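Work through the three exercises below. Each task is followed by a stepwise solution.

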Amino acid sequence: MNEPSVSRRVAARVLESLESKGGFANELLRVLLDSAAEGSAKSILPADRALARELVYGVCRWRSRLDWALSQVSDQPVGDLDERIKTILRLGAYQILELDRIPPWAAVNESVNLAKATGRRQAASFVNAVLRHLVRRQAELAEPTFDDPMEALVVGQSHPRWLVERWVARFGREATASILEANNERAPLTLRINPLKASLKEVATSLEKEGFGVRESSVVPGALRVESGPVEVTTTEVFQSGACTIQDEGAALVGYLSAPEAGQTVLDACAAPGGKATHMAEQMADGGVILAMDRHEGRMRRLVANGRRLGLRSILPFIGDGLSPPLREPVPLVLADAPCSGLGILRRHPEGKWLKGPEIIERHAALQAALLEALAPCVAEGGVLIYSVCAFEPEETNELVARWMAQRPGWTVEDPRPHLPDAAHRWVTAEGALSIVPESGGPDGFYAVRLRRARL
């Protein structure tokens, strides 16, 4: 029996784990690729790592469309198939329908090898028959059309029906189609430059010398979009020297909105893995104090590592819960980057489409309201509370803030535009919040607002 390639073995294991246990694809990929490398006599090539990543994200991104195509060529309903065989078929279908660089025969053979590795010869025969049938009908199934407009969005754009129906009711069909298409794009890789270590030009020049294609962000000053490259950017000398941080433009705008002043003490109440804490520290020229609190120990280790790599000493990390902050004195600036549904970053985490249901919005809204309630006393009189989420659902954003504000006459929403780059002003709402709905080529979906506490 031929062994399936390491990239396909890892991809299958990641997809199976997501189905059975949930989690994040990027973290599972990192763990399983590192584990495979440790257990192998040969190192795993960058190309194998890239293919494993492509297969996992591609299957997550186009899952319902792949299932529809498989249903056209299988004599068994896809929903009734054994989960491992279903995963193998999805991997094969993705390679056949979406990846030009892999010959169909290779996709079929590798999928059959994966099926044989399950120890079920009959399953291997089934996989072989279904995928060979798919290859024969590849041209007509690659770009499906649907008479039902809702089905065209649910299957054609590969999103769960509950989410499509929710967004169509809110935005209309045309705008929803644009959001779904944006969600299916590959997430851009953006680097925020650490001005304490290097200039944007120095980082760009260094990356270009190593073969990367980069361009300056049109949204965030001091940020670069990486458009191509020979290796993972985290392995480059300029990244490891602390000259830049990976952060999406939407998340970087929250740092600008926070606008910390040099010498201030800031509470970052949900700080890990540290993107916004490090941004605030850099804005303060590492001259204040960032009380970086989070209750997740593993993610806090990443914050500590990020701060160390960037050479920042003003960040004081500690384990704590935003619902009961252990602060003795109020501080002038508190950032509540709250846990949320994450529906604004589905292009970055496409597995989230299939792991989340409508109940996640209500559950997070309750937590977010509790966080605001607990953190408000931590803000000194005249100080600012920044509330942000990587979501754009009303229950987690404007409706939540409006309800909270209605009960607190001593607080006002502050105009964010003086703190934001000009290019971001188009996302400022009439209520004074930064609200980004996913769009092609734009930042992640985000919401953030500056809440000012009155002086008594």
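**Exercise 1: cysteines**

A search of the whole structure finds zero disulfides (pairs of cysteine sulfur atoms within 2.5 Å). The model is predicted: local features need pLDDT of at least 70, side-chain atom pairs need pLDDT 80 or more, and totals for chains, interfaces and linings use all residues. Residues are numbered from 1 along each chain as its sequence is written, and side-chain values use heavy atoms, without hydrogens and water.

Task: explain why Cys-60 has no disulfide partner.

Step 1. Find the closest cysteine sulfur to that of Cys-60: it belongs to Cys-390.
Step 2. Check the distance: at 17 Å, the sulfurs are too far apart for a bond.
Step 3. Add the surroundings: Cys-60 is buried at 6% relative accessibility (buried is under 20% relative accessible area with a 1.4 Å probe, protein chains only).

**Exercise 2: a buried arginine**

Task: place Arg-347 and find its side-chain polar contact.

Step 1. Arg-347 sits in the loop between β8 (331-337) and α17 (352-355).
Step 2. Its relative accessibility is 5%, so Arg-347 counts as buried.
Step 3. The side chain of Arg-347 meets that of Asp-444 in a polar contact at 2.9 Å (N or O atoms within 3.5 Å, one able to donate a hydrogen and the other to accept it).

**Exercise 3: a helix pair**

Task: describe the packing of α2 and α3.

Step 1. Helix α2 (residues 25-38) packs on helix α3 (residues 46-61) at about 145°, with axes 11 Å apart.
Step 2. The crossing of α2 and α3 is right-handed.
Step 3. Contact residues (heavy atoms within 4.5 Å) include Leu-29 and Leu-33 of α2 and Val-56 of α3.

Terms used:
Axes are lines fitted to C-alpha atoms, for helices over the stretch in contact, and angles run from 0 to 180 degrees between N-to-C directions. Helices (H or I, at least four residues) and strands (E, at least two) are DSSP runs, numbered from the N terminus. A crossing is left-handed if the near helix is turned anticlockwise from the far one by less than a right angle, and right-handed if clockwise. Buried means under 20% relative accessible area, exposed over 50%, partly exposed in between (1.4 Å probe, protein chains only).
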